[in-house]
Amino acid sequence: MSERDEPTPALFAIVGATGTGKSDLSLDLADALASRGTAAEVVNADAMQLYCGMDIGTAKVPVGERRGIPHHLFDVLDVTEDAAVARYQQDARAAIEDIHARGRHAILVGGSGLYVSSVLFDFRFPPRDEALRAELEAELADHGAGALYARLEREDPATAARVDPQNGRRIVRALEILALGQATHGAALPDEPVWWRPATVIGLRMERPALIERLDRRVERMWHEGMLDETARLREQGLERGKTASRAIGYAQALAQLKGELAQAEAIAETQALTRRYARRQVSWFKRYADVSWFEAGTADPAALAARA
């Protein structure tokens, strides 16, 4: 192949609700791309898979099952650290640029809507004020998310409508931005998002009853496979000090079980309910994407997708 015939490295993104098989497809797509002569590498876009040791509860693909395909931005944060989307955007784009510079395709995979969008689209993040955020976090601790959410509803109804009323961290960030006199991004895509660079976006979906059944069974397997033991180990590493990791779905419930605040059946049931709600939000988020090739879970042909590169 001559130099002018060398394929231009492509950017793929695999999106969709949790439990639809995004990780499996990313591996199959990477293999299909390699079979066509150009290797691919995977870049994580799941906020909780950034954390070391949070494996069972995030359905992270074990290193031994990654087929030798390089994976980036997995296990890069300690559970005591905060995951910040602005920092993630820089790191993910740098990883993609490095992959492309080495002549390889990049596959962005994950279901954290804002994280995916921060990479694919022209997202610019407002400034931060550590002192102001500390004040808001103290208010959150004293009065709970409900009081701060009510304030957000008064000051920025559009953003409030898109933020989970129980997500104290997101509420605090929105109020911080408003207090600094900045316009928020509304925790959503811009009305007319501008692409960072060309990308092929592949969406996976599943009929809701089947997805609920799959998610409920997955949560049960998490506990069977050692979710409580994993959380206990992370607790020794400072999980309860982490503002982000300690609130992750499943881990918060396992912590409550370890502290005797929930029985195991209650912890599982609460995790199932929150996972269903999270999946519903993911579906709503990704439905707004234009130019997505949607497939029912398990039906996408990796070879056909690889041909698009």
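**Notebook: a helix pair, the cores and one loop residue**

I began with helix 2 and helix 3, which are oblique to each other, and I kept in mind that this is a predicted model. For this pair, helix 2 (residues 85-101) and helix 3 (residues 113-120), I noted a packing angle of about 50 degrees, with the axes 9 Å apart. I then looked up the handedness, and helix 2 passes helix 3 in a right-handed crossing. On the side of helix 2 the contact is made by V85, Y88, Q89, A92, R93 and I96, and on the side of helix 3 by L114, Y115, S118 and V119. Sorted by character, the residues of this contact come to 7 nonpolar, 2 polar and 1 charged.

Next I turned to the largest nonpolar core, which has 49 residues, and found that M54, Y88, L108, L120 and Y289 touch the most other members. Among the elements that give two or more residues to this core are strand 1 (11-16), strand 4 (105-109), helix 3 and helix 11 (264-287), while helix 2 gives the most, with 6 residues.

I followed L120 further: leaving aside neighbours within four places in sequence, L120 is in contact with residues including L11, A13, L108, W195, R197 and Y289. I also recorded a second, separate core of 22 residues, which includes A10, V42, F295 and A300.

Last, I checked T58, which lies in the loop between strand 2 (40-44) and strand 3 (71-72). Is T58 buried or exposed? Its relative accessibility is 11%, so I entered T58 as buried. Not counting residues up to four places away in sequence, T58 touches M48, Q49 and Y251.

Methods: Residues numbered from 1 in each chain as written. Predicted model: local features only at pLDDT ≥ 70, side-chain atom pairs only at ≥ 80, totals over all residues. Heavy atoms only, no water. Axes fitted to C-alpha atoms, helices over the stretch in contact; angles between N-to-C directions. Helix = DSSP H or I, 4+ residues; strand = E, 2+ residues; numbered from the N terminus. Parallel < 35°, antiparallel > 145°, perpendicular 65-115°, else oblique. Left-handed = near helix turned anticlockwise from the far one by under 90°. Contact = heavy atoms within 4.5 Å. Nonpolar A, V, L, I, M, F, W, Y, C, P; charged D, E, K, R; others polar. Buried < 20%, exposed > 50% of the residue type's maximum accessible area, 1.4 Å probe, protein only. Core = buried A, V, L, I, M, F, W, Y, C linked by side-chain atoms within 4.5 Å.
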